[in-house]
Amino acid sequence: MPWTVEILNEAVAEELEALPTDMKAKFERIVLLISNNGLNEVGMPYVRHLQDKLWEMRMKGRDGISRALYVTAHEQRAVVLRVFVKKTQKTPSREIKLALERAKEVEQ
(Lines give C-alpha, C1' and ligand atoms only; values in the text may rest on other atoms or scores of the structure.)
Protein backbone atom coordinates (compact mmCIF):
# COMPACT_ATOMS: atom_id res chain seq x y z
CA MET A 1 0.00 0.00 0.00
CA PRO A 2 1.53 3.36 -1.01
CA TRP A 3 1.95 6.30 1.34
CA THR A 4 -0.42 9.25 1.03
CA VAL A 5 0.04 12.83 2.18
CA GLU A 6 -3.07 14.70 3.32
CA ILE A 7 -3.69 18.30 4.31
CA LEU A 8 -5.47 18.48 7.69
CA ASN A 9 -7.98 21.22 6.88
CA GLU A 10 -8.70 24.41 4.93
CA ALA A 11 -6.50 26.55 7.20
CA VAL A 12 -3.47 24.38 6.40
CA ALA A 13 -4.37 24.43 2.68
CA GLU A 14 -4.39 28.24 2.82
CA GLU A 15 -1.01 28.26 4.56
CA LEU A 16 0.38 26.07 1.79
CA GLU A 17 -1.17 28.24 -0.91
CA ALA A 18 0.45 31.35 0.64
CA LEU A 19 3.96 29.95 0.05
CA PRO A 20 6.03 31.31 -2.84
CA THR A 21 5.68 29.26 -6.03
CA ASP A 22 9.13 27.67 -5.83
CA MET A 23 8.52 26.47 -2.26
CA LYS A 24 5.13 25.00 -3.24
CA ALA A 25 6.92 23.13 -6.04
CA LYS A 26 9.45 21.75 -3.51
CA PHE A 27 6.55 20.66 -1.28
CA GLU A 28 4.96 18.81 -4.21
CA ARG A 29 8.30 17.15 -5.00
CA ILE A 30 8.66 15.89 -1.42
CA VAL A 31 5.06 14.60 -1.47
CA LEU A 32 5.85 12.75 -4.70
CA LEU A 33 9.01 11.23 -3.16
CA ILE A 34 6.96 10.03 -0.18
CA SER A 35 4.21 8.61 -2.40
CA ASN A 36 6.64 6.81 -4.73
CA ASN A 37 9.24 5.59 -2.23
CA GLY A 38 7.51 5.47 1.14
CA LEU A 39 8.17 7.73 4.07
CA ASN A 40 10.75 5.35 5.53
CA GLU A 41 12.96 5.81 2.45
CA VAL A 42 12.85 9.63 2.40
CA GLY A 43 15.21 11.34 4.79
CA MET A 44 17.45 14.41 4.94
CA PRO A 45 17.46 16.90 3.34
CA TYR A 46 13.72 16.43 2.63
CA VAL A 47 12.27 15.32 5.97
CA ARG A 48 13.51 15.39 9.56
CA HIS A 49 12.16 14.37 12.96
CA LEU A 50 11.39 17.32 15.26
CA GLN A 51 10.04 15.89 18.51
CA ASP A 52 7.67 13.21 19.75
CA LYS A 53 5.38 12.37 16.82
CA LEU A 54 6.11 15.59 14.91
CA TRP A 55 8.16 15.64 11.70
CA GLU A 56 8.96 18.37 9.17
CA MET A 57 9.18 18.59 5.39
CA ARG A 58 11.99 20.97 4.52
CA MET A 59 11.58 23.35 1.57
CA LYS A 60 14.08 25.94 0.35
CA GLY A 61 13.44 28.62 -2.24
CA ARG A 62 14.77 31.91 -3.56
CA ASP A 63 13.05 33.84 -0.76
CA GLY A 64 14.22 31.66 2.12
CA ILE A 65 13.08 28.43 3.72
CA SER A 66 9.76 27.01 4.78
CA ARG A 67 8.53 23.99 6.67
CA ALA A 68 5.49 21.74 6.62
CA LEU A 69 4.98 20.04 9.98
CA TYR A 70 3.24 16.67 9.91
CA VAL A 71 2.43 13.51 11.82
CA THR A 72 1.98 9.99 10.56
CA ALA A 73 -1.38 8.29 10.92
CA HIS A 74 -2.67 4.76 10.43
CA GLU A 75 -2.51 3.06 7.06
CA GLN A 76 0.59 4.85 5.76
CA ARG A 77 -0.73 8.41 5.87
CA ALA A 78 1.16 11.59 6.62
CA VAL A 79 -1.08 14.47 7.68
CA VAL A 80 0.27 18.01 7.23
CA LEU A 81 -0.66 20.16 10.23
CA ARG A 82 1.13 23.48 9.72
CA VAL A 83 2.95 25.22 6.85
CA PHE A 84 5.02 28.36 7.39
CA VAL A 85 7.99 30.37 6.15
CA LYS A 86 10.85 29.97 8.57
CA LYS A 87 12.63 33.16 9.68
CA THR A 88 15.03 31.80 12.30
CA GLN A 89 17.57 28.97 12.51
CA LYS A 90 15.47 27.02 15.00
CA THR A 91 11.82 26.10 14.45
CA PRO A 92 9.83 28.48 16.69
CA SER A 93 8.18 26.80 19.66
CA ARG A 94 4.83 28.49 18.83
CA GLU A 95 4.83 26.67 15.46
CA ILE A 96 5.51 23.34 17.15
CA LYS A 97 2.83 24.05 19.77
CA LEU A 98 0.24 24.90 17.08
CA ALA A 99 1.09 21.75 15.12
CA LEU A 100 0.77 19.57 18.23
CA GLU A 101 -2.58 21.20 19.01
CA ARG A 102 -3.80 20.43 15.49
CA ALA A 103 -2.46 16.86 15.78
CA LYS A 104 -5.19 16.17 18.33
CA GLU A 105 -7.69 16.36 15.45
CA VAL A 106 -5.87 13.53 13.68
CA GLU A 107 -6.04 11.30 16.76
CA GLN A 108 -9.84 11.62 17.06
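A residue counts as buried when its relative accessible area is under 20%, as exposed when that area is over 50%, and as partly exposed in between. Keep these cut-offs in mind as we walk through this predicted model.

**Two neighbours in a loop**

Glutamate 75 sits in the loop between β4 and β5. Its relative accessibility is 59%, so glutamate 75 counts as exposed. Glutamine 76 is placed in the loop between β4 and β5 as well, but with a relative accessible area of 30% it is partly exposed. Now look at the backbone. Glutamate 75 has a positive phi although it is not a glycine, and glutamine 76 also has a positive phi without being a glycine. A glycine with a positive phi can be found too: glycine 38, just after α2. Here are the three angles side by side.

| Residue | Phi |
|---|---|
| Glycine 38 | about 90° |
| Glutamate 75 | about 60° |
| Glutamine 76 | about 55° |

**The overall picture**

Let us step back to the whole chain. The protein has three helices and five strands, and along the sequence they follow the pattern β-α-α-β-β-β-β-α. Its C-alpha atoms fill a box of roughly 35 × 30 × 25 Å along the principal axes. A compact globule of 108 residues would have a radius of gyration near 13 Å, and the protein agrees because its own value is 13 Å. Of the 108 residues, 40% are buried. Among contacts with a separation of 6 or more, 50% join residues 24 or more positions apart.

Leucine 8 gives a good example of such a long reach. This residue is found in the loop between β1 and α1. Leucine 8 and valine 106 are 98 residues apart in sequence, yet their C-alpha atoms are 7.8 Å apart in space. Leucine 8 touches Val106, and its other partners include Val79, Val80 and Leu81.

**Helix α2**

The helix α2 covers residues 21–37. With 17 residues, α2 reaches 24 Å from its first C-alpha to its last, close to the 24 Å expected at 1.5 Å a residue. Which residues of α2 are buried? They are Asp22, Met23, Phe27, Ile30, Val31 and Ile34. Their spacing recalls a general rule about helices. An α-helix has 3.6 residues a turn, so residues three or four places apart point the same way. The buried residues of α2 pack against β1, α1, β2, β3, β4 and β5.

**The largest pocket**

Ile30 of α2 also helps to line the largest pocket, which holds about 220 Å³ of space. Other lining residues include Lys26, Arg29, Tyr46 and Arg58. At least two lining residues come from each of α2, β3 and β4. By class, the lining has five nonpolar, five charged and no polar residues.

Proline 45 is one of the lining residues too. Proline 45 lies in the loop between α2 and β2, and the peptide bond leading to it from methionine 44 is cis, with omega near 10°.

**A buried loop residue**

Is threonine 91 buried or exposed? Threonine 91 lies in the loop between β5 and α3. Its relative accessible area is 8%, so threonine 91 is buried. Threonine 91 touches Leu50, Glu56, Phe84, Lys86 and Ile96, leaving aside residues up to four places away in sequence.

How values were computed
Residues numbered from 1 in each chain as written. Predicted model: local features only at pLDDT ≥ 70, side-chain atom pairs only at ≥ 80, totals over all residues. Heavy atoms only, no water. 1 Å grid on protein atoms, 1.4 Å probe; cavity = no way out; pocket = protein on both sides within 12 Å on 5 of 7 lines; lining within 4 Å. Points joined across faces, edges and corners; volume = space filled by probe spheres on them. Helix = DSSP H or I, 4+ residues; strand = E, 2+ residues; numbered from the N terminus. Nonpolar A, V, L, I, M, F, W, Y, C, P; charged D, E, K, R; others polar. Expected span 1.5 Å × (residues − 1). Buried < 20%, exposed > 50% of the residue type's maximum accessible area, 1.4 Å probe, protein only. Contact = heavy atoms within 4.5 Å. Rg over C-alpha atoms; globule rule 2.2 N^0.38 Å.
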